[in-house]
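Biologist: I have a protein structure open and would like to learn how to read it. Could you walk me through some features with me?

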Amino acid sequence: MRHKVKWWCSLSLVQHRTTVVFILFSLFPTLLGVYTQEHDINMPHQEVEFWARKIGNHIFHLSNAFALYNDIKDNFHSRDATLQENDGLQLVKEMASDVTNMMKFKVDAVNRIMNVAEEASLDKYKQDEAVDYFNAKRLNPSPDIPQEAIDDKNYRNLSLLSNSHFDGIPINESVSSVHVPTNVYAKAPDVINAIRWSGRLDRTFKSNYELDPTLSWQYFGSSTGFLRQYPASEWVMDEKDPDLYDARLRSWYIQAASSPKDMVILLDVSGSMTGLRKEIAIHVVLNILETLNENDFVNIFNFSTETTELVSCFNDSLVQANMENIGEFKKALKTIETKEIANFSKALIKAFELLQRYNKSGQGSQCNQAIMVVTDGAPDNYEKIFSTYNWPHFQVRVFTYLIGREEKKKRDLSWMACANKGYFVQVTTLAEVREQVLRYIPVMARPMVMYQEDHHHIWTGVYADIAGRRGAPGLKEGYRLMTSVAVPVFDRKKTSTKTANLLGVAGTDVPIREIEKLVPPYKLGVNGYSFMVNSNGYVIYHPDLRPVHRESNAEFQDILKPNYNSVDFAEVELTDYENEARANDSELLELRKELVEQNPAERMMNVKIHLDDMKRVVQRTQKYFAQKISGTPFSLGIAMPDGYGKYKVHGQIELTREIQDRRAGDVMDHFSTGNWSLHPDWVYCEYKYDQHQEDQSPEALIKEFLSRAQKPNWKWRSTRTRPPPDPIMNQAQHKRWKPSMGSDERKDNYYCDKDLVQSLLFDARATNVYSREVKIEDKIKDKNMGSQNFGITTAFVATRSGLTRWIDNPSESSSSNGNSKERHFMKVHNRAIDEVWYKRAVDYYKEDQDAYVYSVPFDAATRDPDEVLVTATRAIFVEENEYRMAPAAVVGVTIKHRKFVDFFKNETYKCPSYPSRDSSCKKAKTCESTSLNCYLLDDNGFIIASENEDDTGKFFGTLEGTIMESLVQSEVYKKIQVFDYQAVCLDTQEKNSMASILTTPIQTLKWFANWMMGNVFWVLVKTQLYTLWDPNEAWAYAQGQWDPNAAPTDEVTYSKGPINHQSTFGEYQEMFPDEAGIPTEDTKRTESPDVVGDFPPLELAYINKTHPRPCDKTVYLYKLQSKKLKQDGLYKPVKGKLSNCHTNGCGRPFSVQKVISTNLILVAVNSLCPCESRKVDIEPVEVEHNETTSCNRLLMQHYRKRPQSCVNYHPDEHEIKLCGGAGSLGPSSVALLTLLLAHIYNSMMQS
């Protein structure tokens, strides 16, 4: 009976379950079908393993055959290529010596300009004597300019020839040209006199260039406002904007004219500082900040009843005046509120105590100290405070800025400045702010000028010179990174009244590319690199210095980053131990300290290197070596990979012997097969002077020089630099050091890198295999492998010497098809060891010596599918044993992606046959089945091939994020965090719509009236028309001063939609005027507009505003762990399953198999279970810092070394009585009205 009851219970239970199943089946037939089918199908792990092995074998043998890998490798070994050990310390010493010699030439050049300028200024001329000079803005008038205008404006014709040394800019090497700013009256007596005597500099300019053909622009910036520049060139101006360039506002001028300083700015925010006074005061502070540089320290205090820091984070401290800190000050200025009564005593005491503490503790600049008081009046002169804190040594200068027109308030503020070696000015309008602010600079320079003989030279930090706007071809992103050396020029005239006049500053540019030429990459080898750091720890150049904002998902591209010239060395070298933002690795900081101290250094670190716009990552151990550049604040460093970087391949053809050997034939025979090119940035041979030839490609030059080398009396002339002549040399000694050259000898003067050229010849002989007579079929060992369905278009090889050569497969190459829209792959990627595919192949050699490294463009899905190519590369090493090896070359092929995918499908749609079991398999067990999704992924997780063409180039995690996370958990991929400390974040702020002001005619009229008045004021500010009334009152007034439509703090905004990049740069500079945007504070020859179009931007017209700011970002990148896929030395499938990833309990099994002899894995994923897969992408995201962390980061000051020169005292300075007064404005109303009407008319015509 008991069993009977159990049976009935069981029967009832079965009936109940059957009913439930029936109901579920009728309600969810599809779901049930999926669930049951998933259980019926097992993952084809053995098939995946077979497919991966078959694909790997096939493409390996075909690639080897087409690229002639074995032939080239055998040639390197049979031609007696050997290994030499790299002595990093000796190498960096030699390179640093070359750079030091080059830098000494630049310093000697500016010293000669300075000496001649000081002597020439003593000459006496008749006031009515005519002045002959070439006005840079009045050269070679265009045909459409009327003859009357040509005669009236004194246009002159001058022969200008394009010169490759000056970026293709047309120049004249015989004379200099003069640029006079619009706000300087060119016929003023002091300007005319300075132009006249500075004409003597032309001979010095030419002599310098003869002595050192690597010299770039030489110039003399006069204190009267003009710039004399050599060689002469036309000054390109924007037709829509007045030319307001003024050399006296450039950082090379300001740094040379004064020593470093600690500065406290006291900003009066009492109740009387409202309206226009508040606006003027803010702009005074902004302009003071613009005169500071990275060697200065500053803080700003608001004072009324209490004295508080403008930036609360900078509590009771002075911070380095780098662009990030200056940006914090500028943002905080918009938040000030005026209230209560000003307590000057508290403010002055606070300032003096802070400066004294920094002076005694050894912090700050340890040079000049200054207090800048910005107020609308003081009730007392506070003599007791100055007597207590500053007398009798006068260590702190006091500069006072009276805001407003009240004459009665001048006395006390004027006394404060005059009694403390400072200067007093009264600022009554926004138009004169810049002029009045800059008056403090010559006062700070007085001790230096009075000593006369102490001409300290300065080196600027890196900056971007915008040569692209002058029509210079071939510049990357329109910029050229530079540094400059400058020296002050003193007035030696003896006068009855004690004065200390600065005549100006002499300087020359040093393009970073000229420094890099002296540190040739071929000596460092693949994945080795050089860098330079200054005494503040800031990078002068580094392969990871990214000055331009370029992100794949960013709306705004090609803008200079706000802090691009203050990127710290610790921000570009990412240690492998770094798991949180701004983690201070001790080894990295020790290396940085040695660089700053200019001590010889030798270190080893584990680092993370990102490639391909921060989409790939490599973990590597590197050796670092460093050496100082004497006479500069710079240190040169090199980094080389540990392991293969210890050695270099040595193989050369001695050119002289080759020529003498009659059996050898012509040396150009080594280049007889295939197509070939040379690294476009490397110098094999070049003419030192004759740079007016067009289209002088490296290939054309090497052909010309190899032809010359076969003629009698050939000399290498391979010494790049030598020490400059000793100043004590007599004339005979100097002539032997530098023999005079005739025009023919000068034209024929050249340089050839002997080691590089002879290595090139060796590589050319070793790779001279791409003959069309060679049949690829003969090279394929397995005759069953057909090549017709694989799609190889090109076979190529690139070598250590920068040689790239290739041969096209006529039956497949798109380049042979006239319908191809793309440039040939090898003509685009011709940089040999600097190409990413070269770097990756060499790095992957350690993982698998037989492997080809595959890649596709990341944007392949957006391209024409017929033009997309797969690149496969494999490294060739010269090896003596498993420890002594070095890369010699990389061979590769390009494959049509469509045919590659066809091959992939053809193989994975087959049912493999195994002898050990039944040869039949279900169709559902192949990738052709809808139940399986199959992918080929590279070693960083990017899709090389899949069944869906649109997946190509995408990161696998964006399609199958959950599977990607499972692959990380299964240790197939390793997740590596990378930080970007040079990132720019774009914040969008919503604005009111323009439509709101169009609702009534009254609102429209009101808006137009405000717009008109704003632009009247803007014209006055931008053109400084008061100088037309009294030109001698003109002082430098740079653009970026004030915009009636911009926020009071000059906050930069970008507008969504079509962008005029020049205009955008101009706006960008308002926030970071010295270093961000175009022009930089150091751009001497070009300007960009500050306004959008012809008028200031109408802010209300833009609904969305985007504000760029520097920030930190982080991203997780992925690296394949090949060793984890091996079992007993063989690659085995990794079997996994996402269990219970859906409410119905189903899962998603997957199988992963390494594709042999590649960097690829084959992933097969069951697609039946409708699991939700979250997206895993590799787009950098901002690191969220809390207020405390952000503050600590800003206050953190890494070790720095102060400039060696500091001149802040002269015992006779008290005899100079000039200490300031009020400025006078007298604008011409007629000129103002005329310019305003012309400006408005031009705007209407443009719109």
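Biologist: Let us begin with Leu-502: in which strand does Leu-502 lie?

Modeller: Bear in mind that this is a predicted model. Leu-502 belongs to strand β17, which covers residues 502–511.

Biologist: Is Leu-502 buried or exposed?

Modeller: The cut-off for buried is under 20% relative accessible area. Leu-502 has 14% relative accessibility, so Leu-502 counts as buried.

Biologist: And which residues is Leu-502 in contact with, leaving aside its neighbours within four places in sequence?

Modeller: Its partners are Ser-223, Tyr-253, Ala-257, Val-449, Pro-488, Val-489 and Phe-490. You can also set sequence against space: Leu-502 and Pro-442 are 60 residues apart in sequence, while their C-alpha atoms are 7.1 Å apart.

Biologist: Can we try that reading on His-1185? Where is the place of His-1185?

Modeller: Look in the loop between β45 (1181–1182) and α35 (1187–1195). His-1185 is partly exposed, as its relative accessible area is 23%. Apart from neighbours within four places in sequence, His-1185 contacts Ala-581, Asp-1112, Ser-1190 and Arg-1193. Of these, Asp-1112 is 73 residues from His-1185 in sequence and 8.9 Å away in space, C-alpha to C-alpha.

Biologist: Now the whole protein, please. How many helices and strands does the protein have?

Modeller: There are 36 helices and 46 strands. Of the 1247 residues, 56% are buried. Take the contacts with a separation of 6 or more: 76% of them are between residues 24 or more positions apart.

Biologist: How do I read two packed helices?

Modeller: Two numbers describe such a pair: the angle between the axes and the distance between the axes. For α10 (residues 275–290) and α11 (residues 323–333), the angle is about 175 degrees and the axes are 11 Å apart. Angles over 145 degrees count as roughly antiparallel, and α10 and α11 are therefore roughly antiparallel to each other.

Biologist: Which residues of α10 and α11 meet?

Modeller: On the α10 side they are Ile-282, Val-285, Leu-286, Leu-289 and Glu-290, and on the α11 side Ile-326, Phe-329, Lys-330 and Leu-333. Sorted by class, this contact has seven nonpolar, no polar and two charged residues.

Biologist: At what angle do α3 and α29 pack?

Modeller: Helix α3 (residues 45–67) packs against helix α29 (residues 897–908) at about 140 degrees, with 10 Å between their axes. That angle makes α3 oblique to α29. The crossing of α3 past α29 is right-handed. From α3 come Trp-51, Lys-54, Ile-55, His-58 and Ile-59, which meet Phe-900, Phe-903, Phe-904, Glu-907 and Thr-908 of α29. By class, that contact has six nonpolar, two polar and two charged residues.

Biologist: What can I learn from looking down a single helix?

Modeller: Start with the general idea: an α-helix has 3.6 residues a turn, so residues three or four places apart point the same way. In helix α14 (residues 410–418), the residues Asp-412, Leu-413, Met-416 and Ala-417 are buried. Down the axis of α14, the buried residues fall within an arc of 135 degrees, so they line one face of the helix.

Biologist: What covers the buried residues of α14?

Modeller: The cover includes β11 (368–375), α13 (383–389), β12 (396–403) and β13 (423–427).

Biologist: Last topic: how do I spot unusual backbone geometry?

Modeller: Most residues other than glycine have a negative phi, and most peptide bonds are trans. Here, Lys-421 is not a glycine but has a positive phi of about 55 degrees. You will find Lys-421 in the loop between α14 and β13, and at 18% relative accessibility Lys-421 counts as buried. Arg-582, also not a glycine, has a positive phi of about 60 degrees. Arg-582 sits in the loop between β22 (574–575) and α20 (586–597), and at 19% relative accessibility Arg-582 counts as buried.

Biologist: And which residue does a cis peptide bond join to Pro-231?

Modeller: Tyr-230 is the partner, and omega is about -5 degrees. Pro-231 is in the loop between β6 (227–230) and α9 (251–257). The peptide bond from Trp-391 to Pro-392 is cis too, with omega near 5 degrees. Pro-392 is placed in the loop between α13 and β12.

Methods:
Residues are numbered from 1 along each chain as its sequence is written. This is a predicted model: local features need pLDDT of at least 70, side-chain atom pairs count only at pLDDT 80 or more; totals for chains, interfaces and linings use all residues. Side-chain values use heavy atoms; hydrogens and water are left out. Axes are lines fitted to C-alpha atoms, for helices over the stretch in contact, and angles run from 0 to 180 degrees between N-to-C directions. Helices (H or I, at least four residues) and strands (E, at least two) are DSSP runs, numbered from the N terminus. Angles under 35 degrees count as roughly parallel, over 145 as roughly antiparallel, 65 to 115 as roughly perpendicular and the rest as oblique. A crossing is left-handed if the near helix is turned anticlockwise from the far one by less than a right angle, and right-handed if clockwise. Contact means heavy atoms within 4.5 Å. Ala, Val, Leu, Ile, Met, Phe, Trp, Tyr, Cys and Pro count as nonpolar, Asp, Glu, Lys and Arg as charged, and the others, Gly among them, as polar. Buried means under 20% relative accessible area, exposed over 50%, partly exposed in between (1.4 Å probe, protein chains only). The arc is that of the directions from the helix axis to the C-beta atoms.
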